[in-house]
Amino acid sequence: MAGVAVSTTINGDNYEYLCQPDETLLDVLRDRLGLTGAKEGCGTGDCGACSVILDNRLVCSCLVLGAEAEGRTIETVEGMAQGDQLHTLQQKFLEHAALQCGICTPGFLIAAKDLLAKNPDPSEEEIRFGLAGNLCRCTGYDKIVRAVQDAATVMKGA
Amino acid sequence: MNFDPRFSGRQFKSVGTRPIRPDGVDKVTGRARYGADFSMAGQLVGRVLRSPHAHARIRGIDTSKAEQLPGVKAVITAADLPDLTNGDAAMFDILDNCMARTKALYDGHAVAAVAAVDARTARQALKLIEVDYEILPHVTDVDEAMQHGAPLINDAIFTEGLEEKPVKPSNVSKRTQYGHGDVHEGFGQADFIVERSFKTEQTHQGYIEPHACVANVSSDGTADLWVCTQGHFVYRQHCAQLLGMEASKLRVTSSEIGGGFGGKTHVWAEPVALALSRKAGRPVKLVMTRDEVFRASGPTSATSIDVKIGARKDGTITAAEATLRYTSGPYAGMWAEIGAMTAFACYRLDNVKTVGYEVLVNRPKTAAYRAPSAPMAAFAVESAVDELAKELGMDAVEFRIKNAAQEGTRSSYGPVYGPIGIGPTLEAAKDHPHMKAPLGKNQGRGMACGFWFNFGGQTCTDLNIGMDGSVSLAVGTVDVGGSRASLSLVAAEELGIDYSQVKAIVADTSSLGYNDMTDGSRGTFSSSMATISAARNAIKILRERAAQTWDIPVDDVVWEKGHAIARGEKYGNLAALSLKEIAAASGKTGGPIAGHSELVADGAGVSFATHICDIEVDPETGSTRVIRYTVVQDAGKAVHPTYVEGQYQGGAAQGIGWALNEEYIYGKDGRLQNAGFLDYRIPVCSDLPMIDTQILEIPNPNHPYGVRGVGETSIVPPLAAIANAVSNAAGVRMTHIPMSPPRILAAIEAEREG
């Protein structure tokens, strides 16, 4: 099967790749581009571990085809820190111990970044519903919600 | 040097603080490498063909078409994994579960596997494998499997533990019994007796990371395995035995692990990946899909439990009895036995008897899930305890306090308790503001207790001091939730240095001696003990080097706050030598400085918890909402309190999912109908409130810092606590977990119709 040529922007950098027509964006990120921050927890859009921001919209990259990225802009967890300066959300996840095993963490960080971009001052309920598409099996979500609350407070003041 | 593990009350400097974990930055930046994040040059993609039938004889497998597909490099069946288990029945079951031999025993049972150049070719190859099945009658329900005339799953299984050796094979692999006293006599003394039957459905650990590994077998007989596991040393042993390799020639590296909860203590795909790599002569990466994770790995037992408890008017329990039937999948198990041991462990009982039956069914082989078997037993017992308290007219907490086990109590499973936390957790729960908070309409409050043994086990640790005075700590217990942070704290504490000077790693199987798995809540308990021992051995060398430098007897050198100090007035002029100074001079004083430790960490302190929760029930729909949740648990000593809280919260959340929603649903055809996170719904962020925690610290006398395991106990009380809350809210006793809306609605309607 012939590959599809794609040119796209990921974390501000231009990428060009060939992918199969049935290949997901998640597989392209992980297997072709070496961006393994996005994880495959289910492959069916139920767990959110593969969350990326596609043209300012939060998506499960397992439900997007690699070919659909043509000409678009993608943000992944690898693009959150600026050099060695962590994003406020990353720092707050560390401070609040909002991760145990950490497999869901990249997806939560991306989903939280998208949430705070659209709603800089969310209530606890808005955070809980905003992150309801991301599954965490370790934490019971308590420390994740607190980390996002704390990050929102810091980011508002910035 | 002999290591003294006994508790000594000490003032802590590092232990008990809450620093950021050493593996944290990698995990928030996406750089941490989990099972599927590792690749090798030239690697193939492995895929597994699984039985669509619950029970079928495999008459033949034709792999010829698959082998001819371009890009396919290896196809294997059970013939490529010959039986090398040499009469070891448990290992044979593991082998048969990895690759079905004569029969497929459940929907999802592996029957063949391929390795191909890419995923698409591998998927196509699976479709070209022809399996000739003879479909057999199946059984998936625990009670039906025990009935006379039920389809027989394994004709080599004869019930163990009966007075007379059975002459016919059975779906019950074992009967076990625990207890003491005379329950018949005890019930004779009771003024009130509650007798109930309960059921719980099968759940999955639900780790977000599917099983994943990369196997690389060389033609010289050596191999490497990269894998997400809770126990790489055990995986090495099992894989080496099944593949006919020498253990030391198989190096297993544990990746970062994306959740395990007991589910990554068993091999499934790893021997298959190794066999594929051996046949193909290339590295093979094998990653399960979520569908495979549900159908083939994991699950806990489904259960059916009868409980009978009697008490006098004054609230003293006179007798307690339970019969517990646990599914073990299609192989022999020991799950009901654990349930029988834990069922009444919270209480001080003169007359107690529990009987467990291990029941074979056509479901995946039961695996450990966080305090395996205890939550279901606690659900049944704590529900009956609540009901009995009501009949007596006593407060549920007071009734439990009156009957709680104490130091010196002979436990229902045999041993006599040392200092334990059941009483203190109950007293703390009684005094907790949550207990006094008002409830709204359709809301109910429930509480329950839980017990877990905790485990110690074989542990080996290396502590190496660099010439710059920094310390690398190599442990062999996989870090499932922050243990590198807690073990670094322990090393810093013992050496008297700063946490930032210590870097902990999980070493591979060729770099460190054998370690048992991270299970039984042993990670921080046992590896901290080994770390303390290793640090003390290093301190002995540090003292020797200082003594050598000063040219004084080593017995005159003590170690305090990270420094060697010459003890005695005659050494008044000698300035203390820091660890850094001694390390810097090590090249001239005898070479590298290290502390090594290998031990069996005996004396894991038992753990108790009490949970309180408020649930709102919608009487029209049967839907529920968790309004408030509080966990009180004894940690012995919380090394890193934030991660201890995390364990409490995580266990509670898993218990909430189990209690209210999660279950394996099988069709009449014996096929799993909800093998995905959409239909097997674990709690999401919007389902839960904040989960309040209270850490009690009743020191474990058998650990230098008083540490007890903390990981598992938190999942034991929730099923019962929530069932008690729902029962109080709905006004009807709930006896079947999960309490999904249809079950609650049916119970409410049945009560209305009386």
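1. Helices (H or I, at least four residues) and strands (E, at least two) are DSSP runs, numbered from the N terminus. Residues are numbered from 1 along each chain as its sequence is written, and chains are lettered from A, ligands numbered from 1, in the order in which they are written. This is a predicted model: local features need pLDDT of at least 70, side-chain atom pairs count only at pLDDT 80 or more, and totals for chains, interfaces and linings use all residues.

2. Start with helix 5 of chain A, residues 142-157. Its 16 residues reach 23 Å from first C-alpha to last. That is close to the 22 Å expected at 1.5 Å a residue (1.5 Å times one less than the number of residues).

3. Which residues of helix 5 of chain A are buried? They are A:D142, A:K143, A:I144, A:V145, A:A147, A:V148, A:A151 and A:A152. Buried means 20 or more other C-beta atoms within 10 Å of the residue's own, with C-beta atoms placed from the backbone; exposed means 12 or fewer, and partly exposed lies in between. In chain A, these buried residues pack against helix 2 (88-95), helix 3 (105-118) and helix 4 (124-130). In chain B, they pack against helix 19 (641-660) and strand 26 (691-696).

4. Now the interface. 41 residues of chain B are in contact with 42 residues of chain A (contact: C-beta atoms, placed from the backbone, within 7 Å). Helix 1 (24-29) and helix 19 of chain B are the elements giving two or more residues to the chain B side. Helix 19 of chain B supplies the largest share, eight residues.

5. Strand 26 of chain B belongs to an open sheet of four strands, order 16-24-25-26, with mixed pairing (two strands pair if DSSP finds at least two bridges between them). Strand 16 (443-452) and strand 26 of chain B are the edges, each pairing on one side only. The twist averages 15° from one strand to the next.

6. Strand 25 (residues 624-634) and strand 26 of chain B run parallel, joined by six bridges. B:Q633 stands opposite B:I695 of strand 26. Helix 19 of chain B packs on this sheet, touching strand 24 (607-617), strand 25 and strand 26 of chain B. Its direction makes about 130° with that of strand 26 of chain B.

7. Helix 19 of chain B also meets helix 20 (residues 718-730) of chain B: their axes come within 8 Å and cross at roughly 55°. Axes are lines fitted to C-alpha atoms, for helices over the stretch in contact; angles run from 0 to 180 degrees between N-to-C directions. The residues that meet include B:G655 and B:W658 in helix 19 of chain B, and B:P718 and B:I722 in helix 20 of chain B.

Conventions: Contact = placed C-beta atoms within 7 Å.
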